[in-house]
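Let's take a walk through this model, one contact at a time. Have the structure open and follow along.

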Amino acid sequence: MSPMTLAEKILAAHAGLPEVAPGMLIDARVDLVLANDITAPIAIREFEKLGVSRVFDPARIALVPDHFAPNKDIKSAEQCLTMRRFAREQGIVHYYEVGRMGIEHVLLPEQGLVAPGDLVVGADSHTCTYGALGAFATGMGSTDIAVAMATGRVWLKVPETVRIVFTGSLQPWVGGKDLILYTIGQIGVDGARYQAVEFCGPAIDALSMDGRFTMANMAIEAGAKAGLFSPDDKAMAYVAPRVSRPYAACTPDPGARYVRTLEWDVSALEPQVAFPHLPSNVRAVSEAGGVRIDQAVIGSCTNGRWEDLELAARVLRGRRVHSDVRCIIIPGTQEIYRRLAREGLLETFVEAGAAVSTPTCGPCLGGYMGVLAAGERCISTTNRNFVGRMGHPQSEVYLANPAVAAASAVLGRIGSPAELGL
Amino acid sequence: MTISGRVWKYGDNVDTDVIIPARYLNLSDPQELARHCLEDLDAGFAGAVRPGDIIVAGANFGCGSSREHAPLAIKAAGVSCVVAESFARIFFRNAINIGLPILECPAAARATAAGQHLDIDLAAGIIRNVETGETFHANPYPPFMLDLIAAGGLIEYTRRRLAAGRTGSGAACCE
Ligand code: SF4
């Protein structure tokens, strides 16, 4: 048998084949199927056309109202209602109501719904986040998800794998967000189109799970089908208390064939900022030129985890958000929200003059809770800065890590924690 | 299947946020979505597009989110085909799944200008520029995907397979 990459091994196992190679079309079994309040209503409509009455397994479907929930208007309320009704009728086990929910890609790993070696499909492009656990996870549209909900299977083309090796050790205030922004800056927004990316090397070994989730999350911003990390002790320690079902973790074979290998020494890497209007439009924070900002958003499926908010709190503690800036902080899940309260971070944020919300996607996609007017600029820890992403087509979004976003909120312009003496 | 239409031309990385901005994602009716199609890229498109028109674009068309609202809006706006240098992966799947014809053809995409007319033979993947007479060959679809397209999309394809008592997607493992 030829040696396989991590993506190939997971896909072969789920297709019931001894081996697969890039370019093969396979029919595969899935471990988990995901949809949210935007994509589920269309998926449910298509599901109903299939002539089946029940989903393949009510314990292997996750439905999360997070994009426009708590409902932002009547139409959003109706979309959430469609999903809630379907969840009740079908006895969906993993349906999360407002007050207990979170942003899907922060919530699912936290709740132990994803394990190493899994094949996960979701009607959301950032489903690739779960690659941090060594799962093959990829985004699809509502119609694909309708069929997956009915059959528990999907068709997939086996992607080529790109390997990216990060050597060296990271400077203070530099993390997963900076590594992935740097990567996208280097290879471009279609640099890994249709491909799987394996992230590895000493800088990755040293990176926290939260940092890895951030990186896997933005693999799609380089066009990738999946971004994966070989599950190590850290990943196993993360899933051990969370996942109760059996799973089969796997690691890439020595000698596996990669379509290309890139290697970067990241020891001197500064925090990165992606300028409008592409995530690849990346500069070092010291070259950001002090762009003035009207808003800072800290949260999302990219950077709404505990470690992200803890970094932001270190910057905001004892400081004030600049008088010209609205700073909006959104924990990724109810669990993180509780911990913010328990450990005093909520107080830090509120005292600094930030607005803190219950979990929601809200501003990340220009939904609500922080929509921008024409000409306004926002620094954001989210993942996309396309035209109109957070509001008016003439507004601007700059992507950065949580420490840089928090420092910028204090400075009133894009800047680093170092400028605050940190 | 032959398609003929007038061309709307766009550049690289036309993303799903400009195809259908998120502020309209509380809608799912295709006709309502069509009214806002490409609004943040070309505010004149939705009002002036005619049934049968063709979108021609650069690389990585449809990058960004998985929202099926994007191909749905384009299809409901009356667009008969999208020709691009390349497509983002999820958009490609979604378009095939809902029966929006798309062709990947870098040469045709580069050589076609706004307002020109294309004749397209979808099954053969042949694109002809009516004004210049130039002919181009698009990258062919694998047989499994041609079956999907012939069935009118993934739902009808799957419905027939399920009704016939077959499980699985039917994708062959030897393409
Ligand atoms: S936080 Fe933003 S990118 Fe993440 S799932 Fe929500 S809308 Fe999508």
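## A term to start with

A salt bridge here means a side-chain nitrogen of Lys or Arg within 4 Å of a carboxyl oxygen of Asp or Glu. With that in hand, look at A:Arg389 and B:Asp17: their side chains form a salt bridge, with N to O at 3.0 Å. Keep in mind that this is a predicted model.

## Where chain B meets chain A

How many salt bridges are counted between chain B and chain A? The count is two. Polar contacts add to the picture, with 17 residue pairs between chain B and chain A, both partners at pLDDT 80 or more. On the chain B side, helices H1 (16-19), H2 (30-34), H4 (69-76), H5 (89-98), H7 (143-151) and H8 (154-163) of chain B each bring at least two residues to the surface that touches chain A. H5(B) gives the most, with seven residues. Sorted by class, that side of chain B has 23 nonpolar, 15 polar and twelve charged residues.

The size of an interface is often given as the accessible area lost when the parts come together. For chain B and chain A, about 4200 Å² is buried between them, and 60% of it is on carbon and sulfur atoms. Three residues, B:Arg89, B:Arg93 and B:Ile155, supply 18% of the area that chain B buries against chain A, more than any other three residues. In terms of residues in contact, 50 come from chain B and 52 from chain A.

## Two domains in chain A

Now stay within chain A. The domain assignment splits chain A into domain 1 (6-263) and domain 2 (272-417), and the C-alpha centres of these two domains of chain A are 24 Å apart. Domain 1 of chain A puts 37 residues in contact with 41 residues of domain 2 of chain A. Between them the two domains of chain A bury about 3100 Å², with 63% of it on carbon and sulfur atoms. Within domain 1 of chain A, A:Ile103, A:Trp173 and A:Lys177 lose the most area to domain 2 of chain A, together 23% of what that side buries.

Which side chains meet in a salt bridge at 2.5 Å, N to O? They are those of A:Glu221 and A:Arg384. The count between domain 1 of chain A and domain 2 of chain A is one salt bridge. The same interface between domains 1 and 2 of chain A has 29 residue pairs in polar contact, both at pLDDT 80 or more. Helices H4 (104-110), H6 (176-187) and H8 (209-217) of chain A each supply at least two residues of the domain 1 side that touches domain 2. H6(A) has the largest share of that side, six residues. By class, this side of domain 1 of chain A has 16 nonpolar, 13 polar and eight charged residues.

## Strands in chain A

Strands of a sheet pair through backbone hydrogen bonds, either parallel or antiparallel. One open sheet of chain A has five strands in the order E4-E3-E2-E5-E6, with parallel pairing. Its edge strands are E4 (94-95) and E6 (136-139) of chain A, each pairing on one side only. Further in, E2 (residues 32-36) and E5 (residues 119-122) of chain A pair in the parallel sense over three bridges, and A:Leu34 has A:Gly122 in E5(A) as its bridge partner.

Farther along chain A, E14 (residues 295-298) runs parallel to E17 (residues 377-380), joined by three bridges. There, A:Ala296 has A:Ile379 as its bridge partner. E17(A) is also joined to E18 (residues 396-399) of chain A by four bridges, again parallel, with A:Ser380 partnered by A:Leu399.

## A link across the sequence

Over all chains, the structure holds 28 salt bridges. One worth finding is between the side chains of A:Asp253 and A:Lys9, at 2.7 Å, N to O. This pair links distant parts of the chain, 244 residues apart: A:Asp253 is in the loop between helix H9 (233-239) and strand E11 (260-265) of chain A, while A:Lys9 is in helix H1 (residues 6-15) of chain A.

## Backbone oddities

Most residues other than glycine have a negative phi, and most peptide bonds are trans. The bond from A:Ala69 to A:Pro70 is cis, with omega near -5 degrees, and A:Pro70 is found in the loop between strand E3 (61-64) and helix H3 (74-90) of chain A. The peptide bond from A:Pro276 to A:His277 is cis too, with omega near -5 degrees; A:His277 sits in the loop between strands E12 (272-274) and E13 (282-284) of chain A.

Over in chain B, B:Leu38 has a positive phi of about 60 degrees although it is not a glycine. Look for B:Leu38 in the loop between H2 and helix H3 (45-48) of chain B.

Note on methods: Residues are numbered from 1 along each chain as its sequence is written. Chains are lettered from A and ligands numbered from 1 in the order in which they are written. This is a predicted model: local features need pLDDT of at least 70, side-chain atom pairs count only at pLDDT 80 or more; totals for chains, interfaces and linings use all residues. Side-chain values use heavy atoms; hydrogens and water are left out. Domain bounds come from an automatic or database domain assignment. Contact means heavy atoms within 4.5 Å. Buried area is the accessible area (1.4 Å probe) that two parts lose on being put together, summed over both. A polar contact is a pair of N or O atoms within 3.5 Å; within protein, one must be able to donate a hydrogen and the other to accept it, and residues adjacent in sequence count only if both atoms are side-chain atoms. Ala, Val, Leu, Ile, Met, Phe, Trp, Tyr, Cys and Pro count as nonpolar, Asp, Glu, Lys and Arg as charged, and the others, Gly among them, as polar. Two strands pair if DSSP finds at least two bridges between them.
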